[in-house]
Amino acid sequence: MADSPVSHHRAGGDPPEAPNSDASNEQRAQMEQAYQQMQRKMRISKMDEQIKHKIMVLSGKGGVGKSTVATGLALSLARQGKKVGLMDIDITGPNVPKMLGLEDADLNVEDGQIHPADGPNGLKVISMAFLLEDPDKPVIWRGPIKLGAIQQFIGDVAWGELDALIIDFPPGTSDEPLTVSQSLPGIDGVVIVTTPQEVALLDSRKSINFAKTISVPVLGVVENMSGYTLRGTSTPNSNISVMGPGGVPIESESDEEGKWEITLDVFKSGGVEESSKEMEVPFLGALPFDPGIVRGGDDGVHRIIADPEGETARAFESIVKKVQEQLDKGSQRTLRII
Ligand SMILES: Nc1ncnc2c1ncn2[C@@H]1O[C@H](COP(=O)(O)OP(=O)(O)OP(=O)(O)O)[C@@H](O)[C@H]1O
Ligand SMILES: [Mg+2]
């Protein structure tokens with residue numbers, strides 16, 4: 001840190017060895033730490049001005065598609081020409097870089113600040129994975145160390161001006177979202193991801209209550225892995241029957257060209273919209289169950305990039321539109337208060 005007073009002192013030459021040099025070293029380290037903390041605080045308050053919207057993506061249950069949705073929202077917004085940042089705060093399973101093919105990204109550090117990696121559509125990406133030496137080694141950072149790392153992580157990244165920052169979290173209402181909401185001022189709200197199965201829904205209620213507890217608005221709930229659509233061809237205008245979940249046949253008809261499609265509810269359908277109503281939070285839309293999402297995640301090419309006009313990309317566009325409506329409502333509310 002060239003501009004730190006401590007380094008400045010060093011630039012003039014090390015002080016002569018004193019008998020109590022251990023103590024002075026300790027003092028020096030403390031001063032340096034305090035100085036860095038102050039700088040970090042200043043940068044975080046500047047972030048509030050430089051980043052228009054900050055959105056946290058949460059889920060109660062693991063594996064419901066939080067990282068897929070966070071990445072998709074970010075890419076979809078970036079595709080509209082917005083300046084977008086994506087922050088992956090999952091220390092134990094940071095998989096955003098893999099989803100974007102950025103595992104080997106080289107990060108620049110200048111003036112003590114980390115410069116994010118450049119992703120598709122001009123997306124700026126930062127992930128705990130970039131800071132880990134061995135991606136296969138589990139990270140076991142407990143309590144204060146983990147939270148300290150997150151605070152550093154927030155304050156040490158040079159995002160520059162952004163229209164939106166999307167933050168991906170580990171599952172659950174653990175310390176991470178709490179720490180971020182306390183450290184980063186001006187969070188616009190939370191997007192909650194769930195699958196339509198009962199257990200995931202129950203857990204998403206916890207996320208909604210958690211957001212209320214920390215006084216962060218719920219921008220809405222996304223239903224992920226909704227129906228899976230089978231498509232085929234047959235004799236024009238003929239009856240089609242497919243064995244659905246639980247052995248219940250699902251009937252349909254082919255059109256004049258013989259094309260047909262049937263949507264299977266992999267989990268259940270409609271549950272998320274209903275429970276959003278019950279919990280009085282907006283329903284942002286559903287994403288289909290799309291095997292291309294799994295392939296894309298493994299190949300490092302997100303579905304939105306691989307098939308920008310496809311069903312999944314269009315579903316993301318519609319969800320992003322709803323999120324933007326909520327953000328607009330939020331700013332109107334703020335304006336009214338002022
Ligand atoms: N709509 C979808 N259709 C099919 N597969 C999906 C869909 N959404 C996510 N997946 C797949 O489900 C798996 C879990 O997704 P993802 O990593 O996004 O979940 P997560 O909630 O972030 O998980 P974790 O709780 O571990 O952070 C991945 O293999 C992903 O490709
Ligand atoms: Mg994840």
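**Exercise 1. In which loop, between which two strands, is Met225 found?**

Before we start: this is a predicted model. Now let's walk along the chain. Strand E9 covers 218–223, and strand E10 covers 228–233. Met225 is found in the loop between E9 and E10.

**Exercise 2. Work out whether Met225 and Asn237 are buried or exposed.**

Step one: count neighbours for Met225. It has 23 C-beta neighbours inside 10 Å. The cut-off for buried is 20 or more, so Met225 counts as buried.

Step two: find Asn237. Its place is in the loop between E10 and strand E11 (239–243).

Step three: do the count again. Asn237 has 11 other C-beta atoms within 10 Å. Exposed means 12 or fewer, so Asn237 is exposed.

Step four: check the backbone. Most residues other than glycine have a negative phi. Met225, though not a glycine, has a positive phi of about 55°. Asn237 is not a glycine either, and its phi is positive at about 50°.

**Exercise 3. Describe the surroundings of ligand 1, then follow the trail to helix H3.**

Start with the shell. There are 21 residues around ligand 1, and Gly62, Gly65, Lys66, Ser67 and Thr68 come nearest. Two elements give two or more residues to this shell: helix H3 (66–79) and helix H9 (291–299). Sort the shell by class and you get 8 nonpolar, 10 polar and 3 charged residues.

Next, look at H3 itself. Its 14 residues reach 20 Å from the first C-alpha to the last, close to the 20 Å expected at 1.5 Å a residue. H3 is mostly covered, with 14 of its 14 residues buried. Just after H3, Gly81 takes a positive phi of about 95°.

**Exercise 4. Which residues touch the most other members of the largest nonpolar core?**

First, pick out the core: it has 68 residues, and Val57, Ala74, Ile166, Ile167 and Val191 touch the most other members. Here H3 turns up again, giving the most to this core with 7 residues.

Then zoom in on Val57. Leaving aside neighbours within four places in sequence, its contacts include Lys66, Val69 and Ala70. Ile166, Ile167, Asp168 and Phe169 are also among them, as are Val191 and Val193.

**Exercise 5. How many helices and strands are in the chain?**

Step back and count: there are 11 helices and 14 strands. For burial, 36% of the 338 residues are buried. Finally, take contacts between residues at least 6 apart in sequence: 74% of them join residues at least 24 apart.

Notes:
Residues numbered from 1 in each chain as written. Chains lettered and ligands numbered in written order. Predicted model: local features only at pLDDT ≥ 70, side-chain atom pairs only at ≥ 80, totals over all residues. Near = placed C-beta within 6 Å. Helix = DSSP H or I, 4+ residues; strand = E, 2+ residues; numbered from the N terminus. Nonpolar A, V, L, I, M, F, W, Y, C, P; charged D, E, K, R; others polar. Expected span 1.5 Å × (residues − 1). Contact = placed C-beta atoms within 7 Å. Core = buried A, V, L, I, M, F, W, Y, C linked by C-beta atoms within 7 Å.
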